[in-house]
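Dear colleague,

Please find below the structure that I am handing over to you. My notes on what was found in it follow directly after.

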Amino acid sequence: MKNISLTAALLFLLLMSVSGQSPEKKRYKATHISEAPLIDGIIDDKIWNEGEWTDDFTQFEPYNGKKPSQHTEFKILFDDNNLFVAIKSFDSSPDSIVKRLTRRDHEDGDMVAVLFDSFHDQRTGFLFGVSVGGVKSDRMMTNDGENEDQSWDPNWWVGTSINAQGWIAEMKIPFSQLRFEKNSGEVWGLEVLRTIYRKDETCLWQHIPQDAPGVIHMLGEMSGVEQVKPRKIFDVTPYGVAQAQRFPAEEGNPFATGKRDKINGGLDAKIGVTNNLTMDLTINPDFGQVEADPSEVNLTAYETFFMEKRPFFIEGNNIINFGLGIGDGSEGNDNLFYSRRIGRKPQGSSYNYYGYNDTMEGYSVSPDRTSILGAVKLTGKTQNGISVGFMDAVTSEEIAEIDTGGHRSYQTVEPLTNYLAARLQKDYKEGNTIIGGMFTSVNRNMNEIPLTGDENDALINNLPTDAYTGGLDFTQYFSKKTYMINLNAAFSYIQGTEMAIVKAQESSARYFQRPGNSISLDSSRKSLSGSGGRLQFMKTGNGHWSYGGAFLWKTPGLELNDMGYLRETDQMLQVAWGNYRIWEPKSFYRNINLNASQYAGWDFSGNHLFDGVNVSGNLNFKNYWSAGAGTNMNYNTISNTMLRGGPIMKVPGSLNSWLFLNTDSRKKVELELELRNTVTFAGAGNILNIQPEITYKPINTLSLSLNPSYMVSYDELQYVTQTNYGSQTRYIYGSLDQKVISMSFRVNFNLSPDLTLQYWGQPFVASGKFYEYKYITDPMASEYKSRFSPYAPSQISLNNDDQYLVDENTDGTADYVFDKPDFNFQEFLSNFVLRWEYNPGSSVYLVWSQTRSASNNSGMMDYSNDMGDLFSEKPHNVFLLKFSYRFGLR
């Protein structure tokens, strides 16, 4: 946990809660000049004699409203095309200024920043920050600072220098990188921020109380720019990529030749459609430099949520966001838009990437991801307060090639698909009332895909041909934005063949086949629709206390997973929470944060699924260490998904506890420790997860971090399979002992603010041993042990070390069989990236990615031998050289 950063400072601005009046807004007048200064961080050009310097900063933290420990001044000039900002950060101990080099937007050390609300809508801000080492940090802030887009990387110039009085930052910000109308009004919103790293101190030009319910509406004002003409951006960035893959050759496999080379190219563009609407365009994008997702073993029925890492889809993502979840757990990711759907792994039959296909009795090759032919985004805000977010992407048809004894055949594994998302919001009354809407569509071209092979594998019988979602949202702020009411309501509609809609009904998100479900599976349906929403109220400012409540619902037919993300439906959730913050340093602490919440859930069949309570707290000490702990308890628990389509089942409650401890992040050596422990009642299970981390900064340009993780768990009821036994369905479970060991190693070496070297590597080993197999007998029995029946030794036997035979009636003949579920999975992922931004917006990437994997069904872990097995496997290497050049044609 980093104690000093622009992110932390801006988060504090939004969330911290002393009661008081809003401070009077300051005003600064920028000065027009006819000659541009040289941006070198020295500010000795004569032109800097123009205009006025201003100071009068105030501490934001740790002592809100007090005088800063160091003096700061700034000046803003402008010509017809650019803003010029100079900030003098005086320091009584210039040898104590912390100068570190990091990647862009990963600020470290002393910093300054300027924040403009060029729309002056009091909701949107554009932040330009720089560390004393010259590392840029830029953000687009929306919704009064509630949302930050760190991926926004405008093209601007900056220089820094250290002198005997402190340090200086000099910025050149083109008007084309900001968004505003020709007649944008008398003033812009303005804030200037400075962090003093060694003191963990943040000071602001315009004072903002720590209990302020928002950021942008609290900014000061800048005049003098009333006659500035907006500049439309027109940047075109073509790129070229050379890629070489080397992997193990396989005798007899015509596709696994051991190498594959290709040359590719594409185009990115950023075009100002109007003064404040920007279009981003990408044709045949390549994201080979993006770090791989971490390894995992997922034994649940649900898809894992992964964060977006591709630059085109990260930037402006929050503008197209339409959430239906709450919090940061499994219920917090539900959204109408999940950009990882675009360019996903092909969803057709599970052909191996250069592997043997048992079904086809031959070798096959299939793309590991869907190619994106092109995508376009339109984002911005009109003068009358309408925020616009539009995105459209087209992905190609992907085909698997199969070789059966020299005969070649082809099967489509992903159809040609169009993805569209559109978001509008309109604010009224200085942003106190906001009304918006969202629409998405996914349209798959299934018409020309032949129905070859098993009809169950045909894409048209596995995927909806069309999927639509839409939503309306309303937000109302009261009492100077201290209180807020918000309603998000959404609908969904999908259509396809009867088999495709049956698969949607039977999916883990809804299980329509469950006995007693409020809605039954209908095999004749060709469409499915549903709705969901979130109603919430909260108090976020004016005092130490903040609190709120929410009600969420998702009807059984809701389906968002074609364009969005949805874990499960058939759910109503009620939440109430309270938070108390102490931010004024006293005694041994700098600040304290305490939380408590209560929650409960039901389904649409009337089942009361669970109750829960949560308490947690964290504090920062005066020695700059931090610590926290918490626990949540679930009770009165009934699961309508435990049997994966079977009847509802009572399950034991659980107690989940955690704690963390972090040392001073400003030091060369930083230690972090996180412990998590979950105990399932009735002796039904437990999980222990230990995650230490050490970060070492031997010099100001190098950071090394090691993050091992150890997880050990026991689950008495882990799902194995289900099968028919006469007229009955057997839901088969086993006791599971599981271990997971991983070790992430990361290196960041920064030769300059624009030349960086990054390395990430992760060996990963997971094992799971099943035993004491059992089947469910009475899922709603009052006694836990009465809900299942273990198999006797005479009823179950292992055949050929890969399959269990079950003779339930002990007549000497197997009644049913299931595969041995034990596993041992090993994987090593690594990514090396050398990046040189030789000109703003123009870059060269040199990338080396490596993957190793191995597996067996022993179920046992021997870490040293497992690692030996893993690294004895030949790796899959990918070498990539990417070159891009930005043409600024504005």
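Four strands, β26 (466-478), β27 (483-495), β28 (527-539) and β29 (545-554), each supply at least two residues of a nonpolar patch. Strands here are DSSP runs of E of at least two residues, numbered from the N terminus. This is a predicted model, in which local features need pLDDT of at least 70 and side-chain atom pairs count only at pLDDT 80 or more, while totals for chains, interfaces and linings use all residues. Residues are numbered from 1 along each chain as its sequence is written, and side-chain values use heavy atoms, leaving out hydrogens and water.

The patch lies on the surface, covers about 970 Å² and includes Tyr428, Phe474, Trp545 and Phe551. Its members have over 30% relative accessible area and no salt bridge, and nonpolar side chains (Val, Leu, Ile, Met, Phe, Trp, Tyr) are joined within 5 Å. Accessible areas come from the Shrake-Rupley method with a 1.4 Å probe, and for residues only the protein chains shown count as cover. A salt bridge is a side-chain nitrogen of Lys or Arg within 4 Å of a carboxyl oxygen of Asp or Glu.

Strand β29 gives the most to the patch, with three residues. Phe551 lies in β29 and counts as partly exposed because its relative accessibility is 34%; buried means under 20%, exposed over 50%, and partly exposed in between.

Elsewhere, three strands form an open, antiparallel sheet in the order β43-β44-β45. Two strands pair if DSSP finds at least two bridges between them. At the edges are β43 (796-799) and β45 (816-819), each pairing on one side only.

Yours sincerely

How values were computed:
Patch = residues over 30% accessible without salt bridge, like charges linked within 9 Å, V, L, I, M, F, W, Y side chains within 5 Å. Buried < 20%, exposed > 50% of the residue type's maximum accessible area, 1.4 Å probe, protein only.
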